[in-house]
Amino acid sequence: VQLQASGGGLVQPGGSLTLSCVVSGSFFGINSMGWYRQAPGNEHDLVATITSSGNTNYADSVKGRFTVSRDGPKKMMYLQMNSLKPEDTAVYYCNANLKLSAWHSRNYWGQGTQVTVSS
C-alpha cells in the first residue's frame, strides 16, 4: 500500500492551494482518510478527516477555510485550502485507515508535501 500526496508549494497570504492524495495497492476498503500537518518544532496536528460515508471533521484553526473531499472510485482525497495564512505553513501528510480484512484495519501515511505561505 502506498499513499502519494502532491500539490504543495509556495503561496502568498490569502491565496489558495489544493492538495491531493492517492492510495494504491491491495486492500479491501477505505475506512477514513485525513490530512495532518507538522510545522517545525510542532507535533503532527490534525487538519481534517473524512470517513467513508463522507462525514468530515476539521481543526478549529482551518474551519471555514479548508475543505476535505474524497473521490471513492479513484481512491483519492483532496484538501482545498483557501484564505491561507502564514501559520498554515507546514509539511502536510495524508493518512488513510484501510480495511485489510474483515477483522483487520491499519493506518498508513504518505510522504509529506510542503506548503509555504509567505509574501
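This report describes the strands, the disulfide, the nonpolar core and some residue contacts of a predicted model.

Residues are numbered from 1 along each chain as its sequence is written, and side-chain values use heavy atoms, with hydrogens and water left out. Because the model is predicted, local features need pLDDT of at least 70 and side-chain atom pairs count only at pLDDT 80 or more, while totals for chains, interfaces and linings use all residues.

**Sheet and hairpins**

Strands here are DSSP runs of E with at least two residues, numbered from the N terminus. Two strands are taken as paired if DSSP finds at least two bridges between them.

One open sheet has 4 strands in the order β1-β3-β8-β7, with antiparallel pairing. β1 and β7 stand at its edges with a single partner strand each, so one side of each has no neighbour in the sheet. From one strand to the next the twist averages 15°; for such angles, axes are lines fitted to C-alpha atoms, and the values run from 0 to 180 degrees between N-to-C directions.

Within this sheet, strand β7 (residues 66-71) and strand β8 (residues 76-81) run antiparallel and are joined by 6 bridges. Thr67 has Gln80 as its bridge partner in β8, and Val68 has Leu79.

β4 and β5 also pair in the antiparallel sense, over 6 bridges. Here Trp35 stands opposite Ala48 in β5. β5 is joined in turn to strand β6 (residues 56-58) by 3 bridges, again antiparallel, and Ile50 stands opposite Thr56 in β6.

Each of these three strand pairs forms a hairpin in which a residue takes a positive phi, as listed below.

| Hairpin | Residues between the strands | Residue with positive phi | Phi |
|---|---|---|---|
| β4 and β5 | 6 residues | Gly41 | near 80° |
| β5 and β6 | 4 residues | Gly54 | near 95° |
| β7 and β8 | 4 residues | Lys75 | near 55° |

**Disulfide**

The structure holds 1 disulfide, a term used for a pair of cysteine sulfur atoms within 2.5 Å. Cys21 and Cys94 form it, with their sulfur atoms 2.3 Å apart. The link of Cys21 and Cys94 is right-handed, with 60° about the S-S bond. Cys21 belongs to strand β3 (residues 17-24) and Cys94 to strand β9 (residues 90-99), so the bond ties together parts that are 73 residues apart in sequence. A disulfide is a covalent bond between the sulfur atoms of two cysteines.

Accessibility is computed with a 1.4 Å probe on protein chains only: buried means under 20% relative accessible area, exposed over 50%, and partly exposed in between. Cys21 is buried at 0%, and Cys94 is buried at 0% as well.

**Nonpolar core**

A nonpolar core is a set of buried Ala, Val, Leu, Ile, Met, Phe, Trp, Tyr and Cys residues joined through side-chain atoms within 4.5 Å. The largest one has 32 residues, and those with the most contacts inside it are Trp35, Leu79, Met81 and Tyr92. At least two of its residues come from each of β1 (2-6), β3, β4, β5 (45-51), β7, β8, β9 and β11 (113-117). β9 gives the most, with 5 residues.

Contact means heavy atoms within 4.5 Å. Leaving aside neighbours within four places in sequence, Tyr92 is in contact with residues including Leu19, Trp35, Tyr36, Val47, Phe66, Leu79, Met81 and Val115.

**Aromatic pair**

Rings of Phe, Tyr and Trp (its six-membered ring) pair if their centres lie within 6.5 Å; planes under 30 degrees apart count as stacked, over 60 as edge-to-face and the rest as tilted. By this rule there is 1 aromatic pair. The ring centres of Tyr36 and Trp109 are 5.0 Å apart and the planes stand at 65°, so the pair is edge-to-face. Tyr36 lies in strand β4 (residues 29-38) and Trp109 in strand β10 (residues 105-109), so the two rings tie together parts that are 73 residues apart in sequence. Tyr36 is buried, with a relative accessible area of 19%, whereas Trp109 counts as partly exposed at 41%.

**Arg106**

Arg106 lies in strand β10 and is partly exposed, at 44% relative accessibility. Not counting residues up to four places away in sequence, Arg106 touches Ala96, Asn97, Leu98 and Leu100. Arg106 and Lys74 are 32 residues apart in sequence, and their C-alpha atoms are 20 Å apart in space.
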